[in-house]
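Reader: I am in my first year and still learning to read structures, so I would like one part of this one examined slowly. Could you take me through the sheet, and then through the charged pairs that go with the picture?

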Amino acid sequence: MTRKELVHQIISKRSFLCVGLDTDIKKIPKHLLTEASPLFVFNKAIIDATAPYCIAYKPNLAFYESLGVSGMAAFERTVRYIRKYYPSHFIIADAKRGDIGNTSAMYARTFFEEFDIDALTVAPYMGEDSVTPFLSYDGKWVILLALTSNRGSSDFQLMESKDGERLFERVLRISQQWADTDKMMYVVGATQGKKFEEIRRLVPDHFLLVPGVGAQGGSLHEVCQYGMTSECGLIVNSSRGIIYASNGEDFAEAAGTAAHTLQQEMAAELDAFGI
């Protein structure tokens, strides 16, 4: 998916919502456990209920890998289902890959060729040659970890060099030499609040993938206030707050309602920003 196509989806749907498919076999409604593929059946229902209100889906690979072959089969079926029935939706594999160049090339082949997803989260720690293989695919995106929302993010990401540059700032500054705004996005946690201002000074036009709104306590309004651009420039993810809105037989309906509520808030933010 191109940047132009992504922006068109945001504007036409009045939404920049990404639904995180962090599908935990221990949290899905118990009546689904008798299904041959409980994760896929759950995902399918969630997707059908939320598709009108979001522009992206983000399966987190850990939840599928934890079940071995059956979990990865559910991941593949989920991706193929979105591709077939909701082809305009952006698909992000949240896998946080990153290794030496030839290994990264295999990861890139896996996700961009075999699974045909649109974007992959990538860890920048090993530097340019570990990221470059992911950037060789037309129409595919790297979403580089920059400033995350977890408590331990300050352990390394806020460390300062002798000249006062923090590590996340160095990641943002240097990685812009590897790819432009049509191939590179960054992960910035919603709980970072006003730091979005500092991030936008370094990457004024890149899209940001923003987890942490909802169950993790991030403020959508604050993210928009400090992080929105003239093209929106945000993909805001919500996982638990949507997919586990109910653990009963009405789980899909509840997820659709939760997604719709968040989409309406996003529409208001876009309107306020003149988009």
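Author: What follows looks at the sheet, at two helices that touch it, and then at some salt bridges. Please keep in mind that this is a predicted model.

The sheet consists of eight strands that close into a barrel, in the order S1-S2-S3-S4-S5-S6-S7-S8, and the pairing is parallel. Averaged over neighbouring strands, and with direction ignored, one strand is turned by 30° against the next. Strands of a sheet pair through backbone hydrogen bonds, in either a parallel or an antiparallel manner. To see where S1 meets S8, look at residues 17–21 and residues 234–238, which run parallel and are joined by three bridges. Within this pairing, Leu17 of S1 has Val236 of S8 opposite to it.

Two helices can now be added to the picture. Helix H4, residues 68–85, packs on the sheet and touches S1, S2 (56–59) and S3, with a direction that makes about 150° with that of S3. Helix H1, residues 3–13, lies across S3 (90–97), S5 (141–147), S6 (184–188), S7 (207–210) and S8, and it runs at about 55° to S7.

Strand S3 also leads us to the charged side chains, for the structure holds 14 salt bridges, and one of them joins Arg97 to Glu65, with 2.8 Å between the closest N and O atoms. This pair links distant parts of the chain, since Arg97 belongs to strand S3 and Glu65 to helix H3 (residues 61–65), 32 residues apart. Arg97 counts as buried because its relative accessibility is 16%, whereas Glu65, at 39%, counts as partly exposed. Another salt bridge is formed by Asp94 and Lys96, whose closest N and O atoms are 2.7 Å apart. Here Asp94 is buried, with a relative accessible area of 7%, while Lys96 counts as partly exposed at 44% relative accessibility.

A further pair is Glu198 and Arg166, with the closest N and O atoms 2.3 Å apart. Glu198 sits in helix H8 (residues 195–202) and Arg166 in the loop between S5 and helix H7 (167–175), so that distant parts of the chain, 32 residues apart, are linked. Glu198 has 23% relative accessibility and counts as partly exposed, but Arg166, with a relative accessible area of 17%, is buried because that value falls under the 20% limit. Finally, Arg83, Asp116, Asp118 and Lys140 are linked in a network of salt bridges.

Terms used
Residues numbered from 1 in each chain as written. Predicted model: local features only at pLDDT ≥ 70, side-chain atom pairs only at ≥ 80, totals over all residues. Heavy atoms only, no water. Pairing = 2+ DSSP bridges. Helix = DSSP H or I, 4+ residues; strand = E, 2+ residues; numbered from the N terminus. Axes fitted to C-alpha atoms, helices over the stretch in contact; angles between N-to-C directions. Contact = heavy atoms within 4.5 Å. Salt bridge = Lys/Arg side-chain N within 4 Å of Asp/Glu carboxyl O. Buried < 20%, exposed > 50% of the residue type's maximum accessible area, 1.4 Å probe, protein only.
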